[in-house]
Amino acid sequence: MIDTHAHLDMPEFDVDRVQLVAAMTAQGITSVIIPGVAVDAWDKQLEIAEKYQWYFSLGIHPWYVPDDIDDAICKLDAKLTQYRQNKHLVAVGECGLDKLHNWSDKQLLILEKQLELAQKYQLPVILHAVKAHQELLGLLRAAKLSRGGVIHGFYGNSIVAQQYIDLGFKLGIGGLLLNPSAKKLRQAVAELPLNHFLLETDSPSMSPFDDVNHRNTPLTLTRIVSEISFLKKNETVCILEQLNKNAVQLFEL
């Protein structure tokens, strides 16, 4: 299994990261993509990724938009140049739009600049989208990214999903799918072809609805795969093979 979105560099994992990795290996979780979120967090992220030979992306999350956007983009550009030959650099991101957290034109501006970098370096983009699908879709239509990317933590309906798919994007499916109340998402997963989905957890965030008081980990992947299999009325092994293939193709793993 490949967790295409897990923040395993975060402090929540500093106490027992080694033990968690051993448990992941025992469950057949062979690879992880650690997304970048902020300029001052990249160094630790890269250190952890190198230690465990995990994949990573570099970007600026909408929660961490700095005052000096031009300076931050220059630093991101330099970091992407530095690591462009590193086989473990697989995307630009996590970047995107979030209307529930410090929403402003700055989010739009810094996202536009990161989309330009994704095109410059011919990398897919990992996108965060909260209550901002129409704004994000507009930016993506204008950007015309050649490598596409993924809408991480997708929670929309089939209509919104199809709009992203038409632009060449895949949909990151995580623990929210386990919640019976997530009817629109569950219907979208049931209806849409499997080749449009990626498997992710967003660890340590987005814990399953029945375990919200504990941090999330990649070990949740097994439950997510089983739920997709249930919704698709298919064998788990077939589901897993296709989801792994989707990740390998998009990120050229």
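## Overall fold

In this predicted model, the secondary structure of the protein chain amounts to nine helices and eight strands. The radius of gyration of the chain is 17 Å, close to the 18 Å that the globule rule gives for 253 residues, so the chain is as compact as a globular protein of that length. Measured out along the principal axes, the C-alpha trace spans about 50 × 40 × 35 Å.

Burial and contacts add to this description of the chain. Of the 253 residues, 55% are buried, and among the contacts with a separation of 6 or more, 71% are accounted for by residues that lie 24 or more positions apart.

## The largest pocket

The largest pocket in the model has a volume of about 260 Å³. Its lining consists of 16 residues, and those closest to the centre of the pocket are Gly153, Tyr155, Leu176, Asp202 and Met206.

In terms of secondary structure, strand 5, which covers residues 125-130, gives the most to the lining of this pocket, contributing three residues. By residue class, the lining of the largest pocket divides into eight nonpolar, six polar and two charged residues.

## The second largest pocket

The second largest pocket has a volume of about 200 Å³. It is lined by 14 residues, and the ones that lie nearest its centre are His7, His61, Trp63, Asp202 and Ser205. The lining of this second pocket divides into six nonpolar, five polar and three charged residues.

Asp202 links the descriptions of the two pockets, since this residue is listed among those closest to the centre of the largest pocket and is also listed among those nearest the centre of the second largest pocket.

## Cysteines

A search of the whole structure finds zero disulfides. Cys74, for instance, is in no disulfide, and the nearest cysteine sulfur, which belongs to Cys95, is 17 Å away; a disulfide would require the two sulfur atoms to be within 2.5 Å.

The accessibility of two cysteines can also be stated. Cys74 has a relative accessibility of 54% and therefore counts as exposed, the cut-off for that class being over 50%. Cys238, at 38% relative accessibility, counts as partly exposed, because its value falls between the 20% limit for buried residues and the 50% limit for exposed ones.

Terms used. Residues are numbered from 1 along each chain as its sequence is written. This is a predicted model: local features need pLDDT of at least 70, side-chain atom pairs count only at pLDDT 80 or more; totals for chains, interfaces and linings use all residues. Side-chain values use heavy atoms; hydrogens and water are left out. On a 1 Å grid over the protein atoms alone, a cavity is a set of points where a 1.4 Å probe fits but cannot get out, and a pocket is an open set with protein on both sides within 12 Å along at least five of seven lines; lining residues have an atom within 4 Å of a point. Grid points are joined across faces, edges and corners, and a volume is the space filled by probe spheres set on the points. Helices (H or I, at least four residues) and strands (E, at least two) are DSSP runs, numbered from the N terminus. Ala, Val, Leu, Ile, Met, Phe, Trp, Tyr, Cys and Pro count as nonpolar, Asp, Glu, Lys and Arg as charged, and the others, Gly among them, as polar. Buried means under 20% relative accessible area, exposed over 50%, partly exposed in between (1.4 Å probe, protein chains only). The radius of gyration is taken over C-alpha atoms; the globule rule is 2.2 Å times the number of residues to the power 0.38. Contact means heavy atoms within 4.5 Å.
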